[in-house]
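Dear colleague,

I am passing on to you the structure that we talked about, and below it I set out what a look through it turned up. Please read the notes with the structure open beside you.

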Amino acid sequence: MKQSAVIKGLGFHVPERILSNKDLEQLVETSDEWITSRSGIKTRHVVSEGESLTDLSHGAALKALDDAGLSPEAITHILVATFSPESYIPSAACALQDRLGLRGRVAYDISAACTGFLYALENARAILALHPESKILVCSGDVVTSRVNWEDRATCVLFGDGCGAAVVAAEDGGPHRAVIRDVSLASDGALGDLLTIRGGGSGRHYRLGEPIGEDFFVQMQGREVFKHAVRSMTEVCNGLLERHGLTTDDVDMLLPHQANLRIIEAVGKKLGIPGERVFINVDKYGNTSAASVPIALSEAVHGGSVQPGQRVLLTAFGGGFTWGACLLDF
Ligand code: ACO
């Protein structure tokens, strides 16, 4: 039987350190005007020396648990969506499990770049179908700046660090933030070359004593990524709405991956959703990859932009390529 899943609590955590466009003008040949007009980004939060994804996921997890009114001990499963764990072994989920003192819980990572939160929500729904009593901690975040080439002005100005978290459980008549009505996911690895971090993978080994190259950092064909992002997010949103006999008129708020203001505006326009119903915070955080959707969702909910009774459409697109959409009923 299909189990109805709910989000019981939401939270996020970003590093204290803030880099403004003016700060970036000191690092690369760029300007506040160029960054703002091309991306809508004004500031981004970046980790300090020694601060890792585990610090961010721990902060986000505690806030989401508090919002859900649950103690960490209630959690049965820990899922972390990221491409930038503190270490590859142990995984980000195991590191978080240890930090929370939750020995014995199921813990694993999910790799779907910027679509990670939606992939993790679908994993949580699948777990609940098998084990309805589960309480699943979903963390989704990245220290993108650990894989940014600070000499490449075309990419380094776009990204920031952070983590969002949600506690997901079966609907049991108790308090919750939103019902996860449905999730739709997709991928196309044939287009993977348009956005890569090749170095350090098993196809491009680290070798002791050899210097690392530019391919150890984010490399992106920005214009191509832009086109695919707009097309894919629009298609997956329309498909999900159609599956439920809904139109964009039935959506109170579109909450897209915060990669770039122009992508967000283009998706809103193609879907026919006016700007006042599109949530935007990319100006403050930049593109935080897997963290972007849960940070925006948490801000929208706790800031009062979403009210009980409303319907929110999440959508994301990321490296891989991966993309997806999710319908939430508040
Ligand atoms: N400052 C100043 N000039 C710059 C900068 C910079 N930071 N970066 C590039 N330029 C220059 C380029 O060198 C180029 O100069 P040229 O014409 O003399 O060669 C000029 O600006 C135009 O460069 P383009 O790359 O063509 O600029 P474009 O208008 O396409 O904007 C951008 C670039 C913002 C990256 C855009 O392509 C974009 O938004 N792409 C999507 C990227 C994205 O958001 N990806 C993430 C989505 S998926 C995920 O989240 C993982």
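In what follows, a helix is a DSSP run (H or I) of at least four residues and a strand is a DSSP run (E) of at least two, and these elements are numbered from the N terminus. By that reckoning Pro-294 belongs to helix H10, where, with a relative accessible area of 0%, this proline is buried. Please keep in mind throughout that the model is a predicted one.

Pro-294 also links distant parts of the sequence: 131 residues separate Pro-294 from Cys-163 along the chain, yet the C-alpha atoms of the pair are 7.7 Å apart in space.

Cysteines

Cys-163 leads on to the matter of disulfides, which, as you will know, are covalent bonds between the sulfur atoms of two cysteines. A search of the whole structure for such bonds returned zero. For Cys-139, the nearest cysteine sulfur is that of Cys-163, at 4.8 Å, and Cys-139 is therefore not counted as bonded, because a disulfide requires the sulfur atoms to be within 2.5 Å. Cys-139 is nevertheless buried, at 0% relative accessibility. What is the closest cysteine sulfur to that of Cys-237? It is the sulfur of Cys-326, and since 10 Å lies between them, they are too far apart for a bond. Cys-237, too, counts as buried, with a relative accessibility of 0%.

The ligand

There are 22 residues around the ligand, and those that come nearest are Thr-30, Arg-38, Cys-114, Asn-260 and Asn-287. In the case of Thr-30, a polar atom of the side chain is 2.7 Å from a nitrogen atom of the ligand. Backbone atoms take part as well: a polar backbone atom of Arg-153 lies 2.9 Å from a ligand nitrogen, and a polar backbone atom of Gly-222 is likewise 2.9 Å from a nitrogen atom of the ligand. On its own the ligand has 1,000 Å² of accessible area, of which the protein covers 75%.

The ligand occupies the largest pocket. Two or more residues of the surrounding shell are given by each of helix H2 (32-39), helix H6 (153-156), helix H7 (222-243) and helix H8 (261-271). Which of the elements gives the largest share of that shell? It is H7, with four residues.

Backbone points to check

Some places in the backbone deserve a second look when you go through the model. The peptide bond that runs from Ile-89 to Pro-90 is cis, with omega near 0 degrees, and Pro-90 is placed in the loop that connects strand E4 (77-81) with helix H4 (92-100). Gly-320 and Phe-321 are also joined by a cis peptide bond, for which omega is about -15 degrees; Phe-321 sits in the loop between strand E12 (311-318) and strand E13 (322-329).

Positive phi values in residues other than glycine are a further item. Ala-113 has a phi near 50 degrees and lies in the loop that leads from strand E5 (106-110) to helix H5 (116-130). Is Ala-113 buried or exposed? Its relative accessible area is 16%, which means that Ala-113 is buried, for the cut-off is under 20%. Ser-289 has a positive phi of about 55 degrees, although this residue is not a glycine, and Ser-289 is located in the loop between helix H9 (282-285) and helix H10 (292-302). At 3% relative accessibility, Ser-289 counts as buried.

Buried side chains with polar partners

Thr-315 is part of strand E12 and is buried, its relative accessible area being 0%. What does the side chain of Thr-315 reach at 2.9 Å? Its partner at that distance is the backbone oxygen of Gly-324.

Ser-134, in the loop between H5 and strand E6 (135-143), is likewise counted as buried, at 1% relative accessibility. A polar atom of the Ser-134 side chain is 2.7 Å from the backbone oxygen of His-131.

With best wishes

Key: Residues are numbered from 1 along each chain as its sequence is written. This is a predicted model: local features need pLDDT of at least 70, side-chain atom pairs count only at pLDDT 80 or more; totals for chains, interfaces and linings use all residues. Side-chain values use heavy atoms; hydrogens and water are left out. Buried means under 20% relative accessible area, exposed over 50%, partly exposed in between (1.4 Å probe, protein chains only). A residue is near a molecule or strand if one of its heavy atoms lies within 4 Å of it. A polar contact is a pair of N or O atoms within 3.5 Å; within protein, one must be able to donate a hydrogen and the other to accept it, and residues adjacent in sequence count only if both atoms are side-chain atoms. Accessible areas come from the Shrake-Rupley method with a 1.4 Å probe; for residues, only the protein chains shown count as cover. On a 1 Å grid over the protein atoms alone, a cavity is a set of points where a 1.4 Å probe fits but cannot get out, and a pocket is an open set with protein on both sides within 12 Å along at least five of seven lines; lining residues have an atom within 4 Å of a point. A molecule sits in a cavity or pocket if more than half of its atoms lie within 2 Å of its grid points.
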